[in-house]
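Q: I have a new structure on my screen and would like to learn how to read it. Could you walk me through some of its features?

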Amino acid sequence: MLSPDQRDAVRFLWLNEESETNYKILRMTRVIFGASCSPFLPAAKLNYNTLKFKEQFPRVYELLNKCMYIDNLVRRADCETEAMEMYRYMRNVMQKASFNMRKWKANSESLHRKWEEGENSNIISSANSGVKVLGYIWENKGDVMKLPLPEINLNPDQVITKRLMLGIIGILYDTIGFIDLFTVTSKILMYDC
């Protein structure tokens, strides 16, 4: 809910279909998603709520602070027992904070079956290959990360310019740095030219 003193910031016009001059000024009463501040709001709420559980669930607090990126929690576990424990704690804390953790993925078929049993049947935990994680494609069956590279079509007669090279380098989105060797080397070459 938006506090009443903040509702003027989200006013909008509601036009009457019958007359262009007949309109109402309305205000939102709830936080809207799709506004420019939208990515900040869930992150701020999540940070606020994780502080409340810092002492009760220190592992979950650590996970949310170190392994959360926008709306992806990326973490490995050494065994299925540890993964299930992490899953239970995360679900519990996130439900208390009014967040629904879903789309659980693993490279273990038995873990997927456990997640889909009973009360957790509404969780999307498909073991299908090709899951998007942080801009990469994670093939969870083989536990392989792939970087989707855009197709670059160059005309054989085209002159290679700095602008063209910088454009090609700029379209590569690599959050973790798998292809830093290529991008950094390319930038150094561009600098030397």
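**Reading strands and cores**

A: Happily! This is a predicted model. Let's begin with strand pairing: strand E5 (residues 131-133) and strand E6 run antiparallel and are joined by three bridges. Across this pair, Val133 stands opposite Tyr136.

Q: How many residues lie between the strands in the hairpin of E5 and E6?

A: Two residues lie between them, and in this hairpin Leu134 takes a positive phi near 55 degrees.

Q: Which strand does E6 join through the other hairpin, and how do they run?

A: E6 is joined by three bridges to strand E7 (residues 144-146), and these two run antiparallel. Here Trp138 stands opposite Met145. This hairpin has four residues between its strands, and Asp143 in the turn has a positive phi of about 55 degrees.

Q: Which side chains along E6 are buried?

A: Follow them one by one, since they alternate. Tyr136 and Trp138 point to one face and are buried, whereas Ile137 and Glu139 point to the other and are not.

Q: Where should I look for the largest nonpolar core?

A: The general idea is that in soluble globular proteins, nonpolar side chains tend to be buried together. In this model, the largest nonpolar core has 20 residues; among those touching the most other members are Val60, Met90, Leu111 and Trp115. Helices H2 (58-66), H3 (80-96) and H4 (109-116) each give two or more residues to this core. The largest share, seven residues, comes from H3.

Q: What does Leu111 contact beyond its neighbours within four places in sequence?

A: Leu111 is in contact with Glu80, Ala83, Met84 and Ala106. There is also a second, separate core of six residues, including Val131, Val133, Tyr136 and Leu147.

Key. Residues numbered from 1 in each chain as written. Predicted model: local features only at pLDDT ≥ 70, side-chain atom pairs only at ≥ 80, totals over all residues. Heavy atoms only, no water. Core = buried A, V, L, I, M, F, W, Y, C linked by side-chain atoms within 4.5 Å. Buried < 20%, exposed > 50% of the residue type's maximum accessible area, 1.4 Å probe, protein only. Contact = heavy atoms within 4.5 Å. Pairing = 2+ DSSP bridges.
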